[in-house]
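Student: Could you take me through one part of this model up close? I'd like to see how the sheet is put together and what sits around it.

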Amino acid sequence: MDSEKTEKIRETLNKAFSSKNRVKIFVAAGIIGIILILMSEAVPSNSSEKKESGIEQDCISYTEYTEALEEQTADLIGSVEGVGECKIMITLKNTRESVYAQNTQESSDEKSSSGEYEYVMYEGENGDAPVLIKQNYPEIQGIAVVCTGGDNVAVKEQVINCISSLYNLPASRISVSKINQKGDSNDR
């Protein structure tokens with residue numbers, strides 16, 4: 001029974017690929033291929049947009065970077081025993097720095113030296129653009145933590161040690177304080 005089915009399939013394929021039908025199949029496949037190529041050119045893709053704008057598309061803003069650091073740090077510090085509710089503020093020394101590839105030509109004689117520098121460029125769809133080697137994110141200047149357990153010396157020490165090792169900051173750049181609870185007698 002299986003051999004009968006196999007034989008019927010072979011006969012059907014032989015009829016479909018006979019010399020008359022082969023030409024029709026190749027012409028139809030060619031037309032379909034051309035239509036697909038034209039459609040792919042007409043519909044813009046997200047990946048080509050990212051390539052055109054280069055690495056800048058992948059970078060986040062200064063504010064987004066700071067907020068992301070604060071959120072991640074708050075999640076971590078909030079999980080330390082005794083910390084409780086936690087708010088964090090991070091200050092940064094500068095903004096993001098981009099380092100581009102350069103060609104340098106230096107010349108010197110007995111009395112002076114001079115150099116000529118020019119960026120290495122690549123040709124993109126939107127014109128020439130410099131070649132980006134790396135981006136340096138801002139350096140953390142200081143961190144302030146206010147938390148429920150901020151008045152406990154042991155909790156304060158744990159928070160300072162955690163942040164110090166996480167961001168390689170000296171303890172003098174980390175402040176930990178007790179959060180001001182609504183209804184405290186210190187409210188004025």
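Tutor: Here is a walk through the sheet, the helices on it, and a few residues worth clicking on. Keep in mind that this is a predicted model.

Start with the strands. The open sheet has three of them, in the order β1-β8-β9, with mixed pairing. β1 and β9 (174-178) are the edge strands, each pairing on one side only. From one strand to the next, the twist averages 15 degrees. Zoom in on β8 and β9 and you'll find a parallel pairing over five bridges. For a landmark there, look for Val 146, which stands opposite Ser 177 in β9.

Now bring in the helices. Helix α5 (residues 153-167) packs on the sheet and touches β1, β8 and β9. The direction of α5 makes about 150 degrees with that of β9. Then there's α4, which lies across β1 and β8 and runs at about 140 degrees to β1.

A good residue to pick in α4 (residues 62-78) is Thr 73. Its relative accessible area is 0%, so Thr 73 counts as buried, the cut-off being under 20%. Leaving aside residues up to four places away in sequence, Thr 73 touches Ile 88, Ile 90, Ile 163 and Tyr 167. Two of those names are easy to place: β1 covers 86-92, so Ile 88 and Ile 90 belong to that strand. Ile 163 and Tyr 167 fall within α5 (residues 153-167).

Next, the loops beside these strands. A search of the whole structure turns up one salt bridge. Lys 93 and Glu 139 make it through their side chains, at 3.4 Å from N to O. Lys 93 sits in the loop between β1 (86-92) and β2 (97-100), and Glu 139 in the loop between β7 (132-136) and β8 (140-147), so the pair ties together parts that are 46 residues apart in sequence. In general, side chains of opposite charge can pair when their charged atoms come close. Both partners are partly exposed: Lys 93 has a relative accessible area of 42%, and Glu 139 comes in at 46%.

One last stop, for contrast with that buried threonine, is helix α2 (residues 19-42), where you'll find Val 27. Val 27 is partly exposed, with a relative accessible area of 47%. Together with Val 23, Ile 31, Ile 32, Ile 35, Leu 36 and Met 39, Val 27 forms a nonpolar patch on the surface, with about 680 Å² of accessible area in total.

Note on methods:
Residues numbered from 1 in each chain as written. Predicted model: local features only at pLDDT ≥ 70, side-chain atom pairs only at ≥ 80, totals over all residues. Heavy atoms only, no water. Helix = DSSP H or I, 4+ residues; strand = E, 2+ residues; numbered from the N terminus. Buried < 20%, exposed > 50% of the residue type's maximum accessible area, 1.4 Å probe, protein only. Contact = heavy atoms within 4.5 Å. Salt bridge = Lys/Arg side-chain N within 4 Å of Asp/Glu carboxyl O. Pairing = 2+ DSSP bridges. Axes fitted to C-alpha atoms, helices over the stretch in contact; angles between N-to-C directions. Patch = residues over 30% accessible without salt bridge, like charges linked within 9 Å, V, L, I, M, F, W, Y side chains within 5 Å. Areas by Shrake-Rupley, 256 points an atom, 1.4 Å probe, with all protein chains shown as cover.
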